[in-house]
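Student: I should like to take a close look at a single part of this protein. Please treat it in one connected account.

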Amino acid sequence: MDIKTLQFICAVVEAGSMSSAARRLGTSRSHVSRRLKALEQSIQVQLFRRTTRRVEPTQIGWALYEHAARISQELNALQATVDDLGKNLRGHIRLSVPVALGQQVVGPLLLEFANLYPEVSLQLTFSNRIFDLVAAEIDVAIRVTSTPPDALVARDLGPVDWALCASPAYLRAHGTPQEPEDLLQLDMVSVNVPDQRLPLELFDGRETRTLTLRPRLQTEDMLFLKRAALADIGCALLPLYSVQQELDSGELLRLLPDQRVRVSAWGDQLYLLTAPNLYPTLATRTLIEFLHSRLRASLPI
């Protein structure tokens, strides 16, 4: 049994289907299927139970996968050692970052990383959702959340401050709120909330006030929400990092700046997430360290 066959076994088990495994291996579904069928015939043992949607390992299949995974990890460790000894940083890294954070903060850092390490290739996905990193074939993900998934390794990058803001023209027309309750008289634009109800918590250092607002406009696209605020549509609730430039220029004004704003259903911490891996490549380790140090220094709080 050669190394290539072991890689096929690992890919099928971890991806959960022939099609996903084929995409990961850069080959066709039929080639994966033929390879595994030939292996089962050669050892006279069924390794997988096949359904219309998934491929499940048998008991023997699981045992073989565990050995194959250990061998694969040892090979990765060997490659990392060779890279370390040669001081030659190369490899391919797949990342997933939130749309607004990726465009405004992480994107420029990744371009800097790409210039520093020209032999490392990057594949970037902009997404606001947390998902199965192994199934999605993602090496590193950055997410805003309060509770990172238990199955992932989470590195805390620091707090995310949320800001209420609106354009000067909108505030001239509708008034600038002086107390949290004044927000009830304003049009709100926000990230999607269930039942069109936005439970807003405001803390002034002494007490917490909770308001329930009904947004006029909702979307997961933070950049569109910022454009809505700039277009005088209403008061936006956005991460501070996404509107810091507009606040500095005066295009948007921060409302109730002495209040700490929080929505319990949304996250208020930034995490760097990876799947458990005893032997990450040198390129992946270097990127994680780079993002960890630079993001902690880059985010406004």
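Which residues in helix α2 (residues 18-25) are buried?

Tutor: The model is a predicted one. In helix α2, which covers residues 18-25, the buried residues are M18, S20, A21 and A22. Directly after α2 comes G26, and its phi is positive, near 70°.

The partner to consider next is helix α3. Two packed helices are described by the angle between their axes and the distance between the axes. For α2 and α3 (residues 29-43), the packing angle is about 105° and the axes lie 8 Å apart. Because of that angle, α2 is roughly perpendicular to α3. On the α2 side, M18, S19, A22 and L25 take part in the contact, and on the α3 side they meet R29, V32, S33 and L36. Sorted by class, this contact of α2 with α3 comprises five nonpolar residues, two polar ones and one charged one. M18 and A22 thus appear twice in this account: they are buried, and they are also among the α2 residues that meet α3.

For the wider setting, the model also contains an open sheet of five strands with mixed pairing, in the order β4-β3-β5-β15-β6. The edges are held by β4 (120-126) and β6 (153-159); each has a single partner strand, so one side of each is left without a neighbour in the sheet. On average, neighbouring strands of this sheet are turned by 20° against each other, direction ignored. At one of these edges, β6 pairs with β15 (residues 269-274) in the antiparallel sense over six bridges, and P159 stands opposite Q269 in β15.

How values were computed: Residues are numbered from 1 along each chain as its sequence is written. This is a predicted model: local features need pLDDT of at least 70, side-chain atom pairs count only at pLDDT 80 or more; totals for chains, interfaces and linings use all residues. Side-chain values use heavy atoms; hydrogens and water are left out. Buried means under 20% relative accessible area, exposed over 50%, partly exposed in between (1.4 Å probe, protein chains only). Helices (H or I, at least four residues) and strands (E, at least two) are DSSP runs, numbered from the N terminus. Axes are lines fitted to C-alpha atoms, for helices over the stretch in contact, and angles run from 0 to 180 degrees between N-to-C directions. Angles under 35 degrees count as roughly parallel, over 145 as roughly antiparallel, 65 to 115 as roughly perpendicular and the rest as oblique. Contact means heavy atoms within 4.5 Å. Ala, Val, Leu, Ile, Met, Phe, Trp, Tyr, Cys and Pro count as nonpolar, Asp, Glu, Lys and Arg as charged, and the others, Gly among them, as polar. Two strands pair if DSSP finds at least two bridges between them.
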